[in-house]
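I opened this entry to keep track of what I looked up, one topic at a time.

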Amino acid sequence: TPQGLFVSAFAAGLEVGFTLFLSGMVLTLLHGHIPDYLMHIFLALSYPIGFIFVIIGRSELFTEHTTLAVIPVLRGSASYKSLLRLWGIIYLGNLVGGYLMAFILTAIGSSMDIISQDAFKYLAHHMVKYDWLVILGSSIIAGWLMGQLSWLVTSSQETISRIAVVILVTSLIGLGGLHHSIVGSIEVFAGVLASGISWMDYIHFQFWTTVGNIIGGVVFVSVIKFSTIRLSEKKKHHKKPVDKNAK
């Protein structure tokens with residue numbers, strides 16, 4: 001049901017926010033004590049935690065559905081209207097859950113001295129400091145990787161192998177500093193709450209990141225993989241049967 005889908009997406013927005021929780025603590029504890037390149041690696045290794053909670057817990061994350069939900073439309077078994085409706089519900093649920101998580105972390109993190117306000121500002125600034133074309137290109141690659149992750153997770157049978165795939169792909173997104181429309185939304189919104197980022201910066205970031213994630217997931221994964229599958233099916237269909245009576 002739409003209500004159940006929204007609740008699951010809302011939960012995903014909350015859960016993926018634990019990436020900001022861990023990244024913020026790592027940055028607060030280690031910033032200024034280790035070289036910048038090590039800090040970058042530690043932050044990248046912190047990135048997968050929220051995705052593990054979401055994907056293994058089977059909550060609904062928008063960047064997964066930009067890939068998987070397109071396949072029925074390409075096959076003709078679902079309409080574009082139903083796809084946009086599905087995307088809209090999940091996207092809204094993810095954002096609302098993410099906003100709540102950002103509010104909780106900025107309020108409690110600073111009060112408990114586990115995440116500094118400067119950490120929120122630092123993470124947000126590193127998302128919004130680029131021109132729109134750079135953000136778009138970065139988010140296309142991130143959407144491409146998330147689309148690959150969706151396919152790999154569905155092909156993995158065991159929980160351990162799924163976790164390994166999630167860590168492999170999402171840490172690559174973190175290491176590259178790529179733009180993800182949900183995790184990035186939480187990071188930048190927290191920066192707004194910490195008075196380090198303007199609302200216009202957030203809107204600019206969110207728009208181009210969402211567009212890029214959709215392009216990356218749909219064009220570079222769904223369409224290409226679907227085309228490959230259709231070609232394979234056509235080859236099997238047109239393959240001539242073997243004549244058992246032939247000598």
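My notes below cover a helix pair, a surface patch and two backbone outliers. The model is predicted, and I read it as such.

**Helix pair**

I began with α9 (residues 132-155) and α10 (residues 159-176), which pack with their axes 10 Å apart. The angle between the two is about 175°. Angles over 145 degrees count as roughly antiparallel, so α9 and α10 are roughly antiparallel to each other. I then listed the residues that make the contact. From α9 they are Ala142, Leu145, Met146, Leu149, Leu152 and Val153. From α10 they are Arg162, Val165, Val166, Val169, Thr170, Leu172 and Ile173.

**Surface patch**

Next I looked for nonpolar side chains on the surface. I found a nonpolar patch of about 530 Å², made by Leu100, Phe103, Ile104, Ile108, Met112 and Leu193. Which helix gives the most to the nonpolar patch? I noted α7 (residues 80-111), with four residues. I picked Phe103, which sits in α7, for a closer check. Its relative accessible area is 52%. The cut-off for exposed is over 50%, so Phe103 is exposed.

**Backbone outliers**

I then turned to phi. Most residues other than glycine have a negative phi, so I wrote down two that do not follow this.

Arg58 has a phi near 60°. I located Arg58 in the loop between α4 (48-56) and α5 (62-68), just after α4. Is Arg58 buried or exposed? With a relative accessible area of 60%, Arg58 is exposed. In the preceding helix, α4, I found buried residues: Pro48, Gly50, Phe51, Ile52, Val54 and Ile55.

Ser195 is the other entry, with a positive phi of about 65° although it is not a glycine. I placed Ser195 in the loop between α11 (183-193) and α12 (199-238), just after α11. Ser195 counts as exposed, at 65% relative accessibility.

I went back to α11 to see how its residues are covered. The buried ones are Val183, Gly184, Ser185, Ile186, Glu187, Val188, Phe189, Ala190, Gly191 and Val192. Why do I call α11 largely enclosed by the rest of the structure? I do so because 10 of its 11 residues are buried. I also marked that Leu193, one of the patch residues, falls within the range given for α11 (183-193).

Notes:
Residues numbered from 1 in each chain as written. Predicted model: local features only at pLDDT ≥ 70, side-chain atom pairs only at ≥ 80, totals over all residues. Heavy atoms only, no water. Patch = residues over 30% accessible without salt bridge, like charges linked within 9 Å, V, L, I, M, F, W, Y side chains within 5 Å. Areas by Shrake-Rupley, 256 points an atom, 1.4 Å probe, with all protein chains shown as cover. Salt bridge = Lys/Arg side-chain N within 4 Å of Asp/Glu carboxyl O. Buried < 20%, exposed > 50% of the residue type's maximum accessible area, 1.4 Å probe, protein only. Axes fitted to C-alpha atoms, helices over the stretch in contact; angles between N-to-C directions. Parallel < 35°, antiparallel > 145°, perpendicular 65-115°, else oblique. Contact = heavy atoms within 4.5 Å.
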